[in-house]
Amino acid sequence: MRKLDYTTIFFAVMGSFLVLFIFIPILNLMLSSNPSSIIANLQDSEVIKSIFVSVYSALIATIIALLFGVPLAYILARHDFAGKGLVESIIDVPIVIPHTVSGIALLLVFTSGGVLGLPFSKVGIIFTDAIPGVVIAMLFVSSSFVVNSAREGFESIDPRMEKVARTLGSGTLRTFFVITIPLALRSIAVGSIMCWARAISEFGAIIIIAYYPLAAPTLIYQRFVNFGLSDSTPVAVILISLCLVLFIAVRVIIRGWRTYDKD
Amino acid sequence: MIKIKNLSNDWKSFKINDINLQVEAGEYFVILGPSGSGKTMLLELIAGMWSPDSGKICIDDHDVTMFPPEKRGVGFVYQNYMLFPHKTVFENIAFGLKVRKVANDEIKTRVNEMMELLGISHLADRFPRTLSGGEQQRTALARALIIYPKVLLMDEPLSALDRKTRDELMQELKEIHRKFDITIIHVTHNFDEALMLADRIAIMKNGEISQVGTSTEIFRHPADKFVADFVGVENIIEGTAEKDGEKVTVIDTGNISIYSTEQKKGHVHVTVRPEDIILSTKKVETSARNVFKGQIKEIIDNGALIKLTVDVGDPLVVFLTRQSFLDMELNIGKSVWTYFKATAVHVF
């Protein structure tokens, strides 16, 4: 066995602090509530409904992010243009601003009298205290995962491969769907799942724009405030389990997906 | 036939400048130049992967300057193959036919024929990452050829391959050129490839074409010092040329006077190909106009050929076969005579 030097041992000891700092609370949470209260909560319609609101809205938000994020990612990966840096920064801004601030910004625009809320309300889509509100809050904070991951995928594909496909008679759109998308699919899938998981866990922006219908994180907060720790913990366990399953799915996809460029 | 008129394009550090070129139908045309000379961009412009800043490209008398690549009928082969990694060899080759909505049965027959022609039938179900460089390049060739392009464009197609595979593929490219009766433009930095394959060669430098001609023309009569250096001319000597009688020029290098049948005046470069120089240990009677005595300065063993540098005032590189080298019992410092004809001296 390789002999470890003191530096490596010292760095490993220092490094393990963060790992334990994150791992211990999560593990403790998972073990803290007794199974019977978890089962009882799983039968509580309010809990199930809130999880459904989170998962379902997050899925819609992810689909919207894919629909608009993938073309954007492709443009960013393939073209240089004036203002590209600005576009990139705008996409990343939601990561750095507080989520409650995002919620307020969204509320101002999407309230039924707002710049965007008004035209939508004319076709019957209301955002405040409604599912569409939850969806846009999630979309706002998590779409950058799709854009950045898809972009990375597109950048890893040699543009000359697309050029060859075109000399063989394939138009630009066909080339995109037959050559580019299949090769970037892994990155897009990873980005989507990250986006979905991030959207499920969104809280700050949601409580500002749509406290009701209760999303799972909102429900946990509400029960914590009204009834204390023991009532909120089982719901937290259920939600964290769901997020961890998604997260593990991402890791499995990253490892297991066939990579074409390596043996 | 491909006609390129006043073509210019400028993108980042890549640039080509006012290129005029005509490649005949069925010709094997090689564009030779160092890296960064704009060869690839010229090729990609012909393929339609860029729209040029100015100029015109015609294929078979049609102006295709504004056509997208899929409408040009050109095949393209890259140095690193650019096979589709998520498709098998068969699927890669079939791609162009599938796009054209050819019936499945016919795709099968034609792809199988093409694989057979290139000797890759046994690889049909393999993925590109499992193939050797030579196998990948054969697949790339098959994929380009199956649509019967009017023009096959190849960007350094042999540069990533080992010597043996490269020689094999060179033979195959010759065959393909004959069988398919296709116009080929092949870009390379390797003069051997150009010598082996080209009907005509264009030399490219800094985004401009500096000479077009057959390999002999370029080899024997490089247009300038850059071409001479690039194609590996050994003996380049500077001097001042003056007329000497009716048909002869004498070039004073400061050390020796070299006679040439080419007419030039003033400051010039002179080249003599090493294989045109005869070496002897004794003075002999010959019709050669240029006769110089010198001493052997350097002996380099290249295997079959021995490269000698003889100092005759200026250094002259001479090639000898191993046998004649041994027969003549040469060694460093030995005095020898060199002979070459005035017709073998190129002045530019």
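This is a short guided tour of a two-chain model, one selection at a time. Keep in mind that the model is predicted.

**Stop 1: chain A as a whole**

Start by selecting chain A and colouring it by secondary structure. You should find twelve helices and zero strands, so to speak a run of α after α from the N terminus on. Aligned to its principal axes, the C-alpha atoms of chain A fill a box of roughly 70 × 65 × 30 Å. Of its 263 residues, 36% count as buried. If you like contact maps, try one here: among contacts in chain A between residues at least 6 apart in sequence, 78% join residues at least 24 apart.

**Stop 2: helix H11 of chain A**

Now zoom in on residues 216-227 of chain A, which form helix H11. Its end C-alpha atoms are 16 Å apart, and this agrees with the 16 Å that twelve residues should span at 1.5 Å a residue. Show side chains for A:Ala216, A:Pro217, A:Thr218, A:Leu219, A:Ile220 and A:Arg223, the buried residues of H11(A).

What do the buried residues of H11(A) pack against? Add helix H3 (45-78), helix H10 (204-209) and helix H12 (229-256) of chain A to the view, and you have the answer. Before leaving, click on A:Gly228, which follows H11(A) and has a positive phi, near 95 degrees.

**Stop 3: chain B as a whole**

Switch to chain B. The secondary structure of this chain comes to nine helices and 20 strands. Its C-alpha trace spans about 75 × 45 × 35 Å along the principal axes, and buried residues make up 40% of its 348 residues. In the contact map of chain B, 64% of the contacts between residues at least 6 apart in sequence join residues at least 24 apart.

Colour residues 2-229 and 234-347 of chain B separately to bring out domain 1 and domain 2. The C-alpha centres of these two domains of chain B lie 39 Å apart. Where they touch, five residues of domain 1 are in contact with four residues of domain 2. The domain 1 side of that contact has two nonpolar, one polar and two charged residues.

**Stop 4: an open sheet in chain B**

Next, pick out strands E2, E1, E4 and E5 of chain B, which form an open sheet in that order with antiparallel pairing. Which strands are at the edges? They are E2 (14-23) and E5 (62-63) of chain B, each of which pairs on one side only. Follow E4 (residues 54-59) across to E5(B): two bridges join them, and B:Cys58 stands opposite B:Asp63.

**Stop 5: helix H5 of chain B**

Select residues 163-180 of chain B, helix H5, and look along its length. Its 18 residues reach 25 Å from first C-alpha to last, close to the 26 Å expected at 1.5 Å a residue. Which residues of H5(B) are buried? They are B:Arg166, B:Leu169 and B:Leu173. Turn the view to look down the axis of H5(B): its buried residues fall within an arc of 65 degrees, so they line one face of the helix. As a reminder, an α-helix has 3.6 residues a turn, so residues three or four places apart point the same way.

On the other side of H5(B), B:Lys164, B:Gln171, B:Glu175, B:Arg178 and B:Lys179 are exposed. The cover over the buried residues of H5(B) includes helix H4 (133-145) and helix H6 (191-197) of chain B. Just after H5(B) comes B:Asp181, with a positive phi near 50 degrees.

**Stop 6: strand E14 of chain B**

Move on to strand E14 (residues 266-272) of chain B. With strand E11 (residues 235-244) of chain B, E14(B) pairs in the antiparallel sense over seven bridges; one place to look is B:Ala241, whose bridge partner is B:Gly266. E14(B) is also joined by three bridges to strand E20 (residues 345-347) of chain B, again running antiparallel. There, B:Val270 stands opposite B:Val347.

**Stop 7: where the chains meet**

Finally, show both chains together. How many residues of chain B are in contact with chain A? There are 20, and they touch 17 residues of chain A. On the chain B side, strand E6 (74-77) and helix H2 (89-99) are the elements that give two or more residues. By class, this side has 13 nonpolar, three polar and four charged residues.

How values were computed:
Residues are numbered from 1 along each chain as its sequence is written. Chains are lettered from A and ligands numbered from 1 in the order in which they are written. This is a predicted model: local features need pLDDT of at least 70, side-chain atom pairs count only at pLDDT 80 or more; totals for chains, interfaces and linings use all residues. Two strands pair if DSSP finds at least two bridges between them. Helices (H or I, at least four residues) and strands (E, at least two) are DSSP runs, numbered from the N terminus. Domain bounds come from an automatic or database domain assignment. Two residues are in contact if their C-beta atoms, placed from the backbone, lie within 7 Å. Ala, Val, Leu, Ile, Met, Phe, Trp, Tyr, Cys and Pro count as nonpolar, Asp, Glu, Lys and Arg as charged, and the others, Gly among them, as polar. The expected span of a helix is 1.5 Å times one less than its number of residues. A residue is buried if 20 or more other C-beta atoms lie within 10 Å of its own, exposed if 12 or fewer, and partly exposed in between; C-beta atoms are placed from the backbone. The arc is that of the directions from the helix axis to the C-beta atoms.
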